[in-house]
Amino acid sequence: MRKPTLLLLLLAITVCSFAQKKLMKFGRISDEEMALKDCDFDPGADIVCLFEESNVQYNLNGNVPMLETYIRKRFKVLKPAGAESANIKLTYYSKGGYASISGVEGYVYNMGPDGKVVSTKMKGNEAFRKKLDDEYSEMSFALPGVKEGSVFEYKYKIFRKTIGGIAPWKFQHEYPTLYSCCHLLIPEYFDFTYTAVRRQEMEVKHDGLQGSYYTMSNIPSMHDEPYMAGTNDFMQRVDFHLTRINPPGQPSIPIGTTWENITKDLLENTYFGQQLGRNIKGTDSLNAALSNCKTPLEKVTAIYEFVQQYMTWNGDNRVYAADAGIKDCWNKKQGTAADINMILIDLLRDNDISAYPILVSTRDNGSVHKTYPDITQFNCTMAMVQLDSNSYILNAADKYNPVNLIPYDVQYTYGFVVDKKKGGWMTIFDNGKKDRSTITVSLNLDKNGKFTGIGRATYSDYARNMRLADYRKKQLKSELDQTGDITINIDSLDVHNADDWQKPLDVQINYSGKAKQSGKYTLIPYDLFLGLGDNPFTADKRQTNINFGFLQDLQITGYINLPPGFDLESMPKSMIMRMPDSSILFKRIFQKSGKDQLAFQLKIQHLRPEYAAIEYPDIKAYYKKMYELLSERIVLKKM
C-alpha cells in the first residue's frame, strides 16, 4: 500500500517544484491513483485529496486590477461516505461584483467491468450559481457517478477586484491531503510578506520569474475535537500580505492600513458608523421602565433587557449592519447581531450612556492578531459600555446573557473598540465569573433499591446562563434526568430567580428512581446532577488547544439515608488530586454519619480557561484518572 502512495507523492513533488504546468494533465489518471486503498498517515479516512494546487497571478480588466486564482483538486474515494465530497459548493463574496467564479470543469474516473478506467466528463451546464444574501453567492456542482473507488477532480477560476487580497491557502482540511501547492506569480515590483500556521514542514521556494511556491505534504485531516475553540487558529495554512508597490522609476508606495484608518473608515461607512445615530425611538414600555431607573447601571440594564426581548436574532453574526439599515430591522423586530447591537448603542447614547461598538471574534471564529490591521479577522459587532471605571460587553442578540456577564463566546479574547477618542484594543475577561454549580441532594433508599429524594441546585454566572436557556426552552427536566448505573426521573421542578439576573438560578428538585443492584449489593454513583458525561479526552493525539471557555467551579453535597437491613460495604476514599500546575482540582470527602446515613462532597474546579495542544498528554492523563475515580461507587450490602 505504501509504494503507490510514495510514487504519487514523489511525482507531485517533482512536477510542482519545477513548474506547475507539468502536473499530470487534467483529464488523465494514473494506475497508482486508481490502486490506492488507504491513506498511510491518516488510516481509515473516507476520502483523500491526492493533490491540490493554486496558481495566483495579476491581470488588468481595463484599468481595474484583477487577482486571478486558478484552483485544481483531485480526490480518491476510499469509503462510500467519501462520495458525498463530490457535491461541491463554492462560496464567494459577490457584493459589488468583487468576486466571481467561472471555468468550472470536472472529471470522474471509475474502474469498468473489463478492468479499464472509464472517464466521465462533467458537462458545462451542470454548475449552478445562486445568490445566498446581499453579500455572498454560491457556485455548486455535483460530479457524476462518484462511488467508493472513484477518483474525481475539478478546477475553476476565481476573479477578485483587488490588489492585495490574496486569499489564504489552506493546506489542511477535514480530509487528509497527500500534496498541496500554492504558486504565486506576481509582478516583481510587488512586495509581499507571508505568515504561516503549521505543525509540520512547509517548503518555500522563490524562483525568480517563475514566482514563489509554498508546498506541504502528507497533511492529516482536521476534525472537531472536544473543547476546541474553532479550526481557524489551527488549520495549517499560509496567509499573504501586500506591504509595498515599487513602480519602475517611481517612489515606492506603502500598502496596507492602520487600526486608526480602519476606525476612520468604519465611522464613515454607511453600514457601520452612519448607523450610529439613526434616532431609534424607544417604545412606551421602555420609556416607562427608564422612568423608574435611579442609576446609570439601572438604565443600561433596562435598555439592554428591552432590546434582548424586543429584537429577534436571525442567527447571523457580522461586523456591518444589513443593507436595509437598522431602522428597517427595528421595524421588523429582527436582525443580525450587528443590527441588534447597533440599535442597543443608539438607545444607550440617547439616554446619556457612553456606549461604543466593539469588534470581536467569537471563539469558534478564532483569535485576532493585533499586528495585522485587518477587519476580516472579526466576525461580530457587540456593544461596550463604560460606567465610571467599569466596562460592560453586551450582546443583545443573546436573550439569556445578563448585563454583568461577558458573553461566553468572547470571554478571554481581544476586542477592538471603534471610536476616535475612546477606541483601541481591549482585553475581554473577568476571572470573577465562572461556570458555577452548587448542588445538594438527599436520597432516601428502600430495600428494593428504589429511592425518592429532594435536591437543590444553584447556578451562577455561566452556569446560570446555560441552565436558564434550558429552562426557557423547556429542556431543563430532560437535562437533569439521568440513566446508567442509576436511573433518576425528575418528578417536579420549582425554579426561582429566572427574571432576576443579580441572583443565582435556584432550582428545587423532587425526583425518584432506582439504583443498580447485583445480588445483595446496591451500587450508587456520587456525581449526581453534574452532567459530566463521558470523558472527552480519550484520543491518542490532539491538534488544537483545549479551550474550556471559562473557569469552572462544580460542587455537589449528598446525603444517602440507608433503609433497615442494609449496611455500608464500601465507599470511595476521601482524597484530593491536582494537575501538576494546580490548575485543576478534584476533591472528594466521604463519611458515614451514624448508623443509617452516608454523607459525601465532590468538588471539581478549573482555574485555567485554556491549555495548549502540547499540554494534552497531561490533560488526558489527569482526566483518565479523574473519570476512573468518578466511576467508583458507593456499595451497600443487604444483610
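User: Which two strands flank the loop that holds Tyr227?
Analyst: Helices (H or I, at least four residues) and strands (E, at least two) are DSSP runs, numbered from the N terminus. On that numbering, Tyr227 is found in the loop between strand 13 (212–219) and strand 14 (237–245).

User: What kind of model is this?
Analyst: Residues are numbered from 1 along each chain as its sequence is written, and side-chain values use heavy atoms, with hydrogens and water left out. Local features need pLDDT of at least 70, side-chain atom pairs count only at pLDDT 80 or more, and totals for chains, interfaces and linings use all residues, since this is a predicted model.

User: What is the phi of Tyr227?
Analyst: Most residues other than glycine have a negative phi. Tyr227 is not a glycine, yet its phi is positive, at about 60°.

User: Is Lys333 buried or partly exposed?
Analyst: Lys333 sits in the loop between helix 6 (326–332) and strand 17 (334–335). Buried means under 20% relative accessible area, exposed over 50%, partly exposed in between (1.4 Å probe, protein chains only). The relative accessible area of Lys333 is 40%, so Lys333 is partly exposed.

User: How many strands does the chain have?
Analyst: The C-alpha trace spans about 90 × 70 × 45 Å along its principal axes. Of the 639 residues, 49% count as buried. The chain has 10 helices, and its strands number 35.

User: Which residue has its C-alpha atom 5.3 Å from that of Gln172?
Analyst: Gln172 lies in the loop between strand 9 (169–170) and strand 10 (177–185). Gln172 is buried, at 1% relative accessible area. Contact means heavy atoms within 4.5 Å, and beyond four places in sequence the contacts of Gln172 include Arg199, Phe234 and Gln543. The residue whose C-alpha atom is separated by 5.3 Å, 64 residues apart along the chain, is Gln236.

User: What arc do the buried residues of helix 3 cover?
Analyst: In helix 3 (residues 259–268), Trp259, Ile262, Thr263 and Leu266 are buried. They lie on the same side of helix 3, because their arc around the axis (directions from the helix axis to the C-beta atoms) is only 100°.

User: Which strands are among what covers those buried residues?
Analyst: An α-helix has 3.6 residues a turn, so residues three or four places apart point the same way. The cover over the buried residues of helix 3 includes strand 18 (354–360), strand 21 (413–417) and strand 22 (424–428).

User: Which helix gives the largest share of the largest nonpolar core?
Analyst: A nonpolar core is a set of buried Ala, Val, Leu, Ile, Met, Phe, Trp, Tyr and Cys residues joined through side-chain atoms within 4.5 Å. The largest has 60 residues, and Val385 is one of those that touch the most other members. The largest share, 8 residues, comes from helix 7 (residues 337–350).

User: How many residues are in the second, separate core?
Analyst: Leu480, Ile488, Ile490 and Ile634 are among its members. The size of this second core is 55 residues.

User: Which helix gives the most to the lining of the second largest pocket?
Analyst: On a 1 Å grid over the protein atoms alone, a pocket is an open set of points where a 1.4 Å probe fits, with protein on both sides within 12 Å along at least five of seven lines; lining residues have an atom within 4 Å of a point. Of the 44 lining residues, those closest to the centre are Asp435, Tyr462, Ala463, Met466 and Phe550. Strand 23 (434–445) and helix 10 (616–630) are among the elements that each supply at least two. With 7 residues, the one that gives the most is helix 8.
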